[in-house]
Amino acid sequence: MRRAWPALLLVALVALAYWPGRGGGFVFDDYPNVVNNTALHVTGWDRDAWTAAVFSSNAGLGHRPLAMATFALNHALTGADPVPMKLTNIAIHALNACLVLGLLGTLFALADPGGDRRRREWTARFAAAAWALHPINLMAVLFVVQRMESLSHVFVFGGLWLYLLGRQRQLAGEPGGGWRIVSGVVAGTALGLLCKESAALLPLYAACAEACLLGGRDASGRRDRRLLLLFALVLVLPALAGMAWLLPNVLAPAAFAQRDFTLATRLLTEARVVMDYLQWSVFPSLRTLGLYHDDIVVSRGLWQPPATALALVALALLAAMAVALRRRRPMLSLGLAWFLGAQLLTATVVPLELVFEHRNYFASLGVCLAVADLLLLLPRGDSARRIGVLLTVAWLLFLGTTTLLRANEWSSPLRFASSEAAKHPHSPRSAYEYGRLLVIATRYRADSPMVPLAIRELERDRALPRSGILPHAALLLLAARAGLPQRDDWWRDLTGRLRRDPVGVQETSAIASLEQCARDRQCDFSIAAMLAMFDAASSHGPNAEVLNIHADYVLNVLRRPDAALELWADAIALRPREAQYRSNRIRLLIALGRDDQARREIAQLRSTGAPLGTNERVARGLESRLQRSARQ
């Protein structure tokens with residue numbers, strides 16, 4: 001128990017801090033990845049169904065199968081209830097807290113093997129608790145889909161700890177260090193990549209530990225060439241190969257076509273974003289932290305805004321400090337190196353969105369490590385040490401309280417949306433989400449007192465820069481279902497924005513919601529307005545998802561099956577590996593009695609799912625439908 005109580009206490013603290021947030025429901029990217037991902041909704045133990053579920057994510061190069069398997073397991077056991085999914089995320093974070101505790105304990109032992117053991121252990125416990133309770137990590141826990149991030153770090157933390165244990169044995173001249181070193185880096189990275197690409201940075205974190213603490217030396221104090229070879233194989237060569245593959249893609253004209261920033265402006269903006277991350281990690285603010293940061297101003301030059309140049313200088317100074325302090329303050333140096341290194345995937349050239357807090361799941365550990373070194377290891381005199389202890393306790397209480405308050409904001413979907421809209425009044429996403437939940441609260445009754453509130457919030461969102469067409473779709477859905485007037489300016493503005501701006505995921509989601517309501521006969525939309533919407537969405541060139549939605553409308557509302565077949569064929573030509581498009585076309589072919597054509601399409605569906613057989617379950621279901629149709 002003496003050895004176990006710190007880990008047990010960490011688990012209890014994590015559970016206590018996050019418990020209020022278990023009822024917050026699904027948000028944002030949870031919908032395409034979990035809620036609306038029908039392949040993920042397994043209910044039994046059919047092998048083909050599980051294969052399809054495990055590889056059902058379109059995010060990342062490898063489909064993140066291990067993370068998707070855990071979502072499928074949640075669904076198989078408890079259905080689409082978000083509460084068990086959030087509880088699973090909390091358990092994963094608690095496990096990570098225990099791994100971080102072990103990792104830091106080994107790290108401090110390696111840094112100061114002959115020092116004060118008790119002081120070293122308490123410093124590791126403080127840093128682990130600060131990381132476990134840090135509010136910037138909340139998005140990787142209560143934002144359901146970001147289990148991908150936290151689960152990948154089970155293997156990052158575990159692999160890094162195993163690597164350090166191996167180095168500890170190696171430096172002590174004990175056997176068994178070699179296999180721990182290699183398996184920690186190689187297996188940890190490989191397993192982590194099955195959850196999310198963030199795990200690719202594990203070799204870099206190990207290399208930073210070598211550079212700041214261990215010097216790449218063996219038990220005799222000489223340079224260990226085997227370590228150099230290992231890092232050449234697991235870090236340098238993959239990095240070069242990744243850049244060779246990545247750079248042509250990010251330099252292509254289409255890479256940033258759906259963004260309101262270029263590669264150059266992204267790099268400028270990310271300098272400010274990283275400095276914001278550092279500020280939020282040291283002094284997290286309940287009024288600043290949030291899910292939606294789409295209100296950030298894009299840097300258009302070094303002095304537009306002026307904070308851009310200052311951020312670039314600050315980052316250069318932090319990097320210089322990390323190098324300069326390696327000898328005198330190795331733990332502070334390592335903390336800075338880990339914080340900066342963790343930003344290399346998401347804050348550089350990859351055309352991702354600009355700001356998300358969950359990207360600091362590992363970076364925040366670097367900050368906690370640096371703070372622990374400054375407050376608990378740097379002070380020398382008794383008075384200075386007492387002040388350091390008081391500051392650590394105060395900071396830890398501050399972090400835990402802020403996380404508890406943030407988790408409380410997640411206690412209900414409407415409460416969360418309201419708090420996000422209040423904290424980020426210029427964020428189109430937060431305004432839309434609040435308006436959308438107000439619309440749901442109206443129950444589509446014209447006499448609901450929520451109707452004026454919903455319209456006001458959605459109109460406010462519509463007026464914000466970069467708001468897209470989501471508020472227009474919500475206003476039209478509310479009006480149509482509640483029997484209220486559908487304003488012409490809503491339709492005009494919607495089609496105008498579709499012609500003006502690139503069509504991305506949010507636009508196709510809005511179009512799909514309008515089409516589904518019309519298809520289900522819940523909304524009486526003008527055919528002319530709907531067709532104008534599809535025409536505007538296609539004005540930038542063919543879009544597979546727009547074609548898919550248009551085909552559904554043409555079939556179920558306009559009753560033109562041949563035109564729908566052509567539209568689905570065009571969608572398949574653009575995205576031949578998207579099973580849903582071909583499945584829709586096959587079902588229509590069966591309904592029209594075109595059996596031979598349907599059989600050929602089923603064979604194509606199977607081939608696109610090979611060699612893993614991810615489409616086998618869908619293909620067998622379509623064959624059964626075809627056989628029933630033939631018997632009738």
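**Figure 1. Cys517 and its disulfide partner.** At 5% relative accessibility, Cys517 counts as buried. This view comes, like the others here, from a predicted model. Cys517 forms a disulfide with Cys523, and the two sulfur atoms sit 1.8 Å apart. As a reminder, a disulfide is a covalent bond between the sulfur atoms of two cysteines. The partner, Cys523, is buried as well, with a relative accessible area of 8%. Turn to the S-S bond itself: its torsion is about 65 degrees, so the disulfide is right-handed. The count for the model comes to one disulfide.

**Figure 2. Two cysteines that are in no disulfide.** Cys195 is in no disulfide. Its nearest cysteine sulfur belongs to Cys98 and is 18 Å away, while a disulfide needs sulfur atoms within 2.5 Å. Cys195 is buried, with a relative accessible area of 0%. Cys368 is in no disulfide either, and for this residue the nearest cysteine sulfur, again that of Cys98, is 16 Å away. Cys368 has a relative accessible area of 0% and is buried.

**Figure 3. Helices α22 and α24 side by side.** What should a newcomer look for here? Two packed helices are described by the angle between their axes and the distance between the axes. Helix α22 spans residues 505–519 and helix α24 spans residues 544–556; they pack at an angle of about 10 degrees, with axes 10 Å apart. That angle makes α22 roughly parallel to α24. On the α22 side, the contact is made by Thr508, Ile511, Ala512, Glu515, Ala518 and Arg519. Facing them from α24 are Glu545, Val546, Ile549, Asp552, Tyr553 and Asn556. Sorted by kind, the residues of this contact are six nonpolar, two polar and four charged.

**Figure 4. The largest nonpolar core, and a second one.** The largest nonpolar core holds 124 residues. Those with the most contacts inside this core are Leu104, Trp131, Phe157, Tyr163, Leu291, Trp338 and Phe362. Helix α5, residues 82–111, gives the core its largest share, with 13 residues. Take Leu104 as a starting point: setting aside neighbours within four places in sequence, Leu104 is in contact with Ala124, Ala127, Ala128, Leu365 and Leu369. A second, separate core has 37 residues, including Tyr432, Leu476, Ala482 and Tyr553. Tyr553 may be familiar from Figure 3, where it belongs to the α24 side of the helix contact.

**Figure 5. Asp224, a buried residue in a loop.** Asp224 is found in the loop between α10 (202–214) and α11 (225–251). Is this aspartate buried or exposed? At 3% relative accessibility, Asp224 counts as buried. Leaving out neighbours within four places in sequence, the residues in contact with Asp224 are Gln170, Gly216, Arg217 and Asp218.

**Figure 6. Leu475 in helix α20.** Leu475 lies in helix α20, which covers residues 470–482. Its relative accessibility is 1%, so Leu475 counts as buried. Which residues is Leu475 in contact with, once neighbours within four places in sequence are left aside? They are Ile455, Leu458, Glu459, Arg462 and Trp490. For a sense of scale, compare Leu475 with Ala69: these residues are 406 residues apart along the chain, and their C-alpha atoms are separated by 37 Å.

Methods
Residues are numbered from 1 along each chain as its sequence is written. This is a predicted model: local features need pLDDT of at least 70, side-chain atom pairs count only at pLDDT 80 or more; totals for chains, interfaces and linings use all residues. Side-chain values use heavy atoms; hydrogens and water are left out. Axes are lines fitted to C-alpha atoms, for helices over the stretch in contact, and angles run from 0 to 180 degrees between N-to-C directions. Helices (H or I, at least four residues) and strands (E, at least two) are DSSP runs, numbered from the N terminus. Angles under 35 degrees count as roughly parallel, over 145 as roughly antiparallel, 65 to 115 as roughly perpendicular and the rest as oblique. Contact means heavy atoms within 4.5 Å. Ala, Val, Leu, Ile, Met, Phe, Trp, Tyr, Cys and Pro count as nonpolar, Asp, Glu, Lys and Arg as charged, and the others, Gly among them, as polar. Buried means under 20% relative accessible area, exposed over 50%, partly exposed in between (1.4 Å probe, protein chains only). A nonpolar core is a set of buried Ala, Val, Leu, Ile, Met, Phe, Trp, Tyr and Cys residues joined through side-chain atoms within 4.5 Å.
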